[in-house]
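Me: Pick one part of this structure and take me through it closely. Then show me what lies around it and elsewhere in the chain.

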Amino acid sequence: MQSNRKFVFKNGSDNARINYLEVIIPEVNIPHHEMFTWPSAPFLAQYLFNNQSMLENKTVLELGCGTALVGIVAAKLCSHVFLSDNGLYESSFLCCRKSCSYNNVANVTVVPITWGRFSLELLKLASVDIILGSDSFYNKNDFEDILYTVSYFLNKNPNAVFWTSYQLRSCDYSIEFLLSKWSLYGRLLNVNELNENSDYMGGLSINHELYIYEIRAKCFSK
């Protein structure tokens, strides 16, 4: 069953370009469905909304966009957003296109990118400054495909960064070996402010152990 879900983002800083944002997401209320917004998405979206200056005049790519909540918030703050999802299934794009329409975002391009595969659309994609992903590291069978794709973009754009939010589900999963294999390095971002003000994450109270991990190419020049 489809319903419209409202997410509310607030930023009380005097330096914020936007202090209040409402985003409407059409979703199917069935967990494990690509049209369902998982807690990691509003968590990452609120991080972006809290750090608006980092997106100003930037080009953003969201991988595995699903309902596109993160990409839509980014689109309100940056120059242009590429929303991507599994290129093998056209149904993957129905929800994100509908979300864009509901929220009147025009600075968005929808592109098919399948993790671990090269395609003409991927090769033709313009330079990007920021790559986003929420709950990308959910299925460990996808970990290498995700980092293979991320490494392509980060090596093509050496100063770019990948921010990915995730919900801790198991302490047995690790990507350290794969980061080394693909010449990447990562670190946890300090998100204490988000955890202390959980009611501001899209206007929802989120009772999950959530983190944001930053990944860059080892050739990144600070």
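Reply: Three words come up at once: buried means under 20% relative accessible area, exposed means over 50%, and partly exposed is in between (1.4 Å probe, protein chains only). This is a predicted model, where local features need pLDDT of at least 70, side-chain atom pairs count only at pLDDT 80 or more, and totals for chains, interfaces and linings use all residues. Residues are numbered from 1 along each chain as its sequence is written, and side-chain values use heavy atoms, with hydrogens and water left out.

Take helix 3, residues 94-102. Helices (H or I, at least four residues) and strands (E, at least two) are DSSP runs, numbered from the N terminus. Which residues of helix 3 are buried? They are Cys-95, Cys-96, Ser-99 and Cys-100. Look down the axis of helix 3: these buried residues fall within an arc of 135°, so they line one face of the helix. The arc is taken from the directions from the helix axis to the C-beta atoms. On the other side of helix 3, Leu-94 and Ser-101 are exposed.

What covers the buried residues of helix 3? The cover includes strand 2 (20-28), helix 2 (69-75), strand 4 (80-85) and strand 5 (108-112). After helix 3 comes Asn-104, with a positive phi near 55°.

Now step to the loop between strand 1 (2-10) and strand 2, where Arg-17 lies. Contact means heavy atoms within 4.5 Å. Leave aside neighbours within four places in sequence, and Arg-17 is in contact with Gln-52, Lys-76, Leu-77 and Cys-78. Arg-17 and Glu-56 are 39 residues apart in sequence, yet 9.6 Å apart in space, C-alpha to C-alpha.

Next, the nonpolar cores. A nonpolar core is a set of buried Ala, Val, Leu, Ile, Met, Phe, Trp, Tyr and Cys residues joined through side-chain atoms within 4.5 Å. The largest one has 39 residues. Phe-9, Leu-48, Val-73, Leu-132 and Trp-163 touch the most other members. Helix 1 (residues 40-50) gives the most to this core, with 7 residues. Apart from it lies another core, of 27 residues, among them Leu-147, Tyr-166, Tyr-213 and Ile-215.

Finish with Trp-163. Again leave aside neighbours within four places in sequence. The contacts of Trp-163 include Leu-44, Tyr-47 and Leu-48, then Ile-130, Ile-131 and Leu-132. Leu-189, Ile-212, Tyr-213 and Glu-214 are also among them.
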